[in-house]
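Here is a structure to go through by question and answer. The topics are the nonpolar core, the pockets and the salt bridges.

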Amino acid sequence: MTHSLHAPVSALIRTVAREVVLHHYQDLAQHQIAEKTPGDLVTIADKESEKRLSAGLADILPSASIVGEEAVAADPALIERVNDSTAWIIDPIDGTHNFAHGHPPFGIIIALVEGGETVAGWLYDPLADRMCHAVRGGGAFINDEIVLARESGEPLPIAAISTMYIPEPRRAALAAAIDGKFAMVDIPRCAAEQYPRLVLGQNDVTLFERTLPWDHAAGVLFTLEAGGHAARLDGSPYRPGDQRRGMLAAASPAMWDKAAAIII
């Protein structure tokens with residue numbers, strides 16, 4: 001069953017997507033786009049979206065802390081709030097690089113964390129009006145219909161491997177290990193799209209080096225609840241407050257084991 005707060009959170013996400021994100025889509029002036037760090041963009045829409053989402057989520061659950069990507073960029077110490085008793089984690093626009101360049105995919109990601117564990121998550125694609133939702137112990141849903149993860153069924157499993165944050169020589173070693181064992185495809189540069197691709201049978205495996213909570217807390221839960229698997233490279237569970245690097249996700253536990261034997 002969906003989370004008890006699913007209806008108001010979904011309504012808030014859709015409203016902010018319509019009134020802020022899509023309002024600015026393909027209509028950004030150059031001065032409305034900036035670099036937080038080299039290659040890591042932020043736009044006026046990210047900031048406006050986070051402000052609206054933060055206010056709305058505070059109204060929905062006033063006792064929860066708020067951890068937003070842009071707030072943490074301004075004050076890195078705020079990331080510790082993911083370990084509070086209850087916290088909302090916000091990615092106001094996931095896939096900002098795509099959004100800023102006027103093309104999909106991009107989305108909004110919200111996770112609800114209790115005691116350091118993700119208990120609910122939302123990944124929304126505004127262009128497709130696709131709401132992925134998961135609740136711990138309650139399953140995974142797309143537009144309120146339960147969804148079960150499935151492999152692609154291709155002769156070579158389809159792998160979307162993000163190497164942009166992997167240093168050499170590990171990047172070269174990874175490419176050599178994968179060669180001939182997986183069919184490689186481009187990453188979407190958007191976790192709100194990557195996790196659904198695993199569940200929907202479009203990709204079989206994905207590897208992340210950066211595992212920031214606003215990118216991954218909701219998607220990991222969605223994958224697990226759909227019957228896929230996602231874990232740290234040593235097999236331990238992903239926790240939003242864990243700032244280690246590296247995570248492998250797959251369309252099934254068997255596929256995860258197969259990929260881990262090759263990649264790790």
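The questions below take these topics in turn.

Reader: Which helix gives the most to the largest nonpolar core?
Author: This is a predicted model, in which local features need pLDDT of at least 70, side-chain atom pairs count only at pLDDT 80 or more, and totals for chains, interfaces and linings use all residues. Residues are numbered from 1 along each chain as its sequence is written, and side-chain values use heavy atoms, with hydrogens and water left out. A nonpolar core is a set of buried (under 20% relative accessible area, 1.4 Å probe, protein chains only) Ala, Val, Leu, Ile, Met, Phe, Trp, Tyr and Cys residues joined through side-chain atoms within 4.5 Å; the largest has 33 residues. Helices (H or I, at least four residues) and strands (E, at least two) are DSSP runs numbered from the N terminus, and the one that gives the most here, with 7 residues, is α7.

Reader: How many nonpolar residues are in the lining of the largest pocket?
Author: A pocket is an open set of points on a 1 Å grid over the protein atoms alone, where a 1.4 Å probe fits, with protein on both sides within 12 Å along at least five of seven lines; lining residues have an atom within 4 Å of a point. The largest pocket holds about 790 Å³ of space, a volume being the space filled by probe spheres set on the points, which are joined across faces, edges and corners. Its lining has 34 residues, and D40, Y165, R210, L212 and D215 are the closest to the centre. With Ala, Val, Leu, Ile, Met, Phe, Trp, Tyr, Cys and Pro as nonpolar, Asp, Glu, Lys and Arg as charged, and the others, Gly among them, as polar, the lining has 9 charged, 9 polar and, as asked, nonpolar residues numbering 16.

Reader: How far apart in sequence are the parts that E69 and K36 tie together?
Author: A salt bridge is a side-chain nitrogen of Lys or Arg within 4 Å of a carboxyl oxygen of Asp or Glu, and the closest N and O atoms of E69 and K36 are 3.2 Å apart. E69 lies in helix α3 and K36 in strand β1, so the separation in sequence is 33 residues.

Reader: Is E209, the partner of R245, buried or exposed?
Author: The side chains of R245 and E209 meet in a salt bridge at 3.4 Å, N to O. R245, at 48% relative accessibility, is partly exposed (between 20% and 50%; exposed is over 50%). E209, at 9%, counts as buried.
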